[in-house]
Amino acid sequence: IYDNIKGKIKGQSVAFTTCYHNNINKFDWFLMVDMDEFLYIVNDTLKDFLVNEKFKECDFIKFHWLISTDNNLIHYDSRPLFERFKGPFIKDKYVKSIIRGNISDLKYWVHSPEYSPLKNITCNNVGEKINYGKVNIECVNTINIEKAFIFHFRFKSAEELITKFKRGYSD
């Protein structure tokens, strides 16, 4: 999919939406993350987390980011990300979503699905319902990392940050 959308406006959103609809009946849940993002569940497995009764009615579960700093690294090195960037991490209001796999009219933006508040239910990572209005936007101002969050290694070393900005956004 990526080769077909590279350089196109909203290409990443198109790729995520296409992936979802091509696999809608194969999986119960979808998590759309980038290569530098990792879901972390506190004291639980992903499966046990998702089958928890409090998420039974949820269509979307929001996870806040914990963003790495550059740890004063100038150049890339080959150590794993979790060795190179041990913190501190910055709590961020932006989110990514796990999406239930049965929503036939889903449209996905880079961080969150668009939804109908009359039809879809969104929850935070502890199972509390969240109301947004008409569009399910990418940020949630009340930051909650109690049960789960996304580690986002957004900046990495100075060298990697420069390379990332030269490459440009995927969409």
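A good place to enter this predicted model is the salt bridge between Lys 129 and Glu 57, whose closest N and O atoms are 3.5 Å apart. Lys 129 sits in strand β8, which spans residues 129–130, while Glu 57 belongs to the loop between α3 (46–50) and β3 (60–68), so the pair ties together parts that are 72 residues apart in sequence. Both ends of this link are out on the surface: Lys 129 is exposed, with a relative accessible area of 54%, and Glu 57 is exposed too, at 52%.

Stay in this region for a moment and look at Glu 53 and Lys 56. Their side chains also meet in a salt bridge, with a distance of 4.0 Å from N to O. That value is worth a second glance, because the cut-off for a salt bridge is 4 Å. Like the previous pair, Glu 53 and Lys 56 are both exposed.

Now turn to Asp 77 and Arg 84, where the setting changes. Here the side chains form a salt bridge at 3.6 Å, again from N to O. Is Arg 84 buried or exposed? Arg 84 has a relative accessible area of 4%, and therefore counts as buried, since the limit for that class is under 20%. Its partner Asp 77 has 23% relative accessibility, which makes Asp 77 partly exposed. The two residues do not stand alone, either: Asp 77 and Arg 84 join Arg 79 and Glu 160 in a network of salt bridges. If you select these four residues together in your viewer, you can follow the network from Asp 77 through to Glu 160.

How many salt bridges does the structure hold? The count is 9, and those described above, including Lys 129 with Glu 57 and Asp 77 with Arg 84, are among them.

With these pairs in mind, step back to the whole chain. The protein has 5 helices and 9 strands. Walking along the sequence, you meet two helices, then two strands, and after that the pattern continues α-β-α, followed by a run of strands and a closing helix; in full, it reads α-α-β-β-α-β-α-β-β-β-β-β-β-α.

What do the contacts say about how this chain comes together? Among contacts with a separation of 6 or more, 72% join residues 24 or more positions apart. The bridge from Lys 129 to Glu 57, with its 72 residues of separation, links parts of the chain in a similar long-range way.

Finally, consider burial and surface. Of the 171 residues, 42% count as buried. The accessible surface comes to about 10300 Å², and carbon and sulfur atoms account for 54% of that area.

How values were computed
Residues numbered from 1 in each chain as written. Predicted model: local features only at pLDDT ≥ 70, side-chain atom pairs only at ≥ 80, totals over all residues. Heavy atoms only, no water. Helix = DSSP H or I, 4+ residues; strand = E, 2+ residues; numbered from the N terminus. Buried < 20%, exposed > 50% of the residue type's maximum accessible area, 1.4 Å probe, protein only. Contact = heavy atoms within 4.5 Å. Areas by Shrake-Rupley, 256 points an atom, 1.4 Å probe, with all protein chains shown as cover.
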